[in-house]
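Please open the structure in your viewer and keep the sequence beside it, since this tour moves from one selection to the next and says what can be found at each stop.

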Amino acid sequence: MQWNKFAQKMTDAGKRLLATYMQMNDPTLNGTTITLELPNQSTKEEFLTGCHELIGYLRGKLHNHDITIEVIVNEATENKYAFTPQEKFERLKQINPTIELLRKTFDLDV
């Protein structure tokens with residue numbers, strides 16, 4: 001619950017990138033270690049750069065100063081996420097192929 005509250009706080013503060021990384025996968029808890037799975041190394045590095053505020057928030061709210069965050073890179077999950085407009089369009093086309101007909105009919109750009 002605190003994880004999601006912090007993600008919302010980051011979104012409201014305009015730090016949407018960190019919030020997006022936090023919501024890519026559900027974190028797992030093993031003792032005092034929170035494990036988050038991210039799709040690639042660069043995403044991991046960006047998350048770890050901004051997660052100091054998250055750790056402080058969680059430690060304070062949960063009254064547990066032993067909390068740590070571990071990030072695991074799982075390249076297999078990389079295909080799940082679409083970041084560019086073209087990737088988003090291709091993902092939508094996989095879900096509903098008739099979107100290509102719509103794009104051609106109205107001569108729309110991606």
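For the stop at the pocket, one convention is needed: Ala, Val, Leu, Ile, Met, Phe, Trp, Tyr, Cys and Pro count as nonpolar, Asp, Glu, Lys and Arg count as charged, and the others, Gly among them, count as polar. With that convention, the residues lining the largest pocket divide into eight nonpolar, five polar and no charged. Please keep in mind throughout that the model is a predicted one.

**The pocket**

Begin by selecting Trp 3, Leu 29, Ile 34, Leu 58 and Leu 62, which, of the 13 residues that line the largest pocket, lie nearest its centre. The volume of this pocket is about 230 Å³. If you then colour helix 1, strand 1 (28-30) and helix 4, you will have marked elements that each supply at least two residues of the lining.

**The nonpolar core**

Keep Trp 3 selected and add Met 22, Phe 47, Leu 54 and Ile 69, because within the largest nonpolar core, a set of 21 buried residues joined through side-chain atoms within 4.5 Å, these five touch the most other members. Helix 1 (2-12), helix 2 (16-23), strand 2 (33-38), helix 4 (52-62) and strand 3 (68-73) each supply at least two residues of this core. Which residues is Trp 3 in contact with, once its neighbours within four places in sequence are left aside? They are Met 22, Pro 27, Ile 34, Leu 36, Phe 47, Leu 54, Leu 58 and Ile 69.

**A threonine in helix 3**

Next, select Thr 43, which is found in helix 3, residues 41-50. Is Thr 43 buried or exposed? Its relative accessibility is 5%, and because buried means under 20%, Thr 43 counts as buried. Adding Tyr 21, Met 24 and Leu 38 to the selection shows the residues that Thr 43 is in contact with, again leaving aside its neighbours within four places in sequence.

**The aromatic pair**

A search of the whole structure finds one aromatic pair. To see it, select Phe 6 and Tyr 57, whose rings form a tilted pair, 5.0 Å centre to centre and with 45 degrees between the planes. Phe 6 lies in helix 1 and Tyr 57 in helix 4, so the pair ties together parts that are 51 residues apart in sequence. Both Phe 6 and Tyr 57 are buried.

**The end of helix 4 and the loop beyond**

Stay with helix 4 and select Lys 61, which has its place there and is partly exposed, with a relative accessible area of 47%. Measuring in the viewer from the C-alpha atom of Lys 61 to that of Gln 2 should give 7.5 Å, although the two residues are 59 apart along the chain. Then move to His 63, in the loop between helix 4 and strand 3, where a relative accessibility of 71% counts as exposed. Phi of His 63 is near 50 degrees, a positive value in a residue other than glycine. Most residues other than glycine have a negative phi.

**Towards the later helices**

Now select Arg 91, which is found in helix 5, residues 85-95, and is partly exposed, with a relative accessible area of 39%. The C-alpha atoms of Arg 91 and Thr 11, which are 80 residues apart along the chain, are separated by 24 Å. Finish at Asp 107, in the segment after helix 6 (98-105), where phi is near 50 degrees, a positive value in a residue other than glycine, and where a relative accessibility of 68% counts as exposed.

Methods:
Residues are numbered from 1 along each chain as its sequence is written. This is a predicted model: local features need pLDDT of at least 70, side-chain atom pairs count only at pLDDT 80 or more; totals for chains, interfaces and linings use all residues. Side-chain values use heavy atoms; hydrogens and water are left out. Buried means under 20% relative accessible area, exposed over 50%, partly exposed in between (1.4 Å probe, protein chains only). Helices (H or I, at least four residues) and strands (E, at least two) are DSSP runs, numbered from the N terminus. Contact means heavy atoms within 4.5 Å. Rings of Phe, Tyr and Trp (its six-membered ring) pair if their centres lie within 6.5 Å; planes under 30 degrees apart count as stacked, over 60 as edge-to-face and the rest as tilted. On a 1 Å grid over the protein atoms alone, a cavity is a set of points where a 1.4 Å probe fits but cannot get out, and a pocket is an open set with protein on both sides within 12 Å along at least five of seven lines; lining residues have an atom within 4 Å of a point. Grid points are joined across faces, edges and corners, and a volume is the space filled by probe spheres set on the points.
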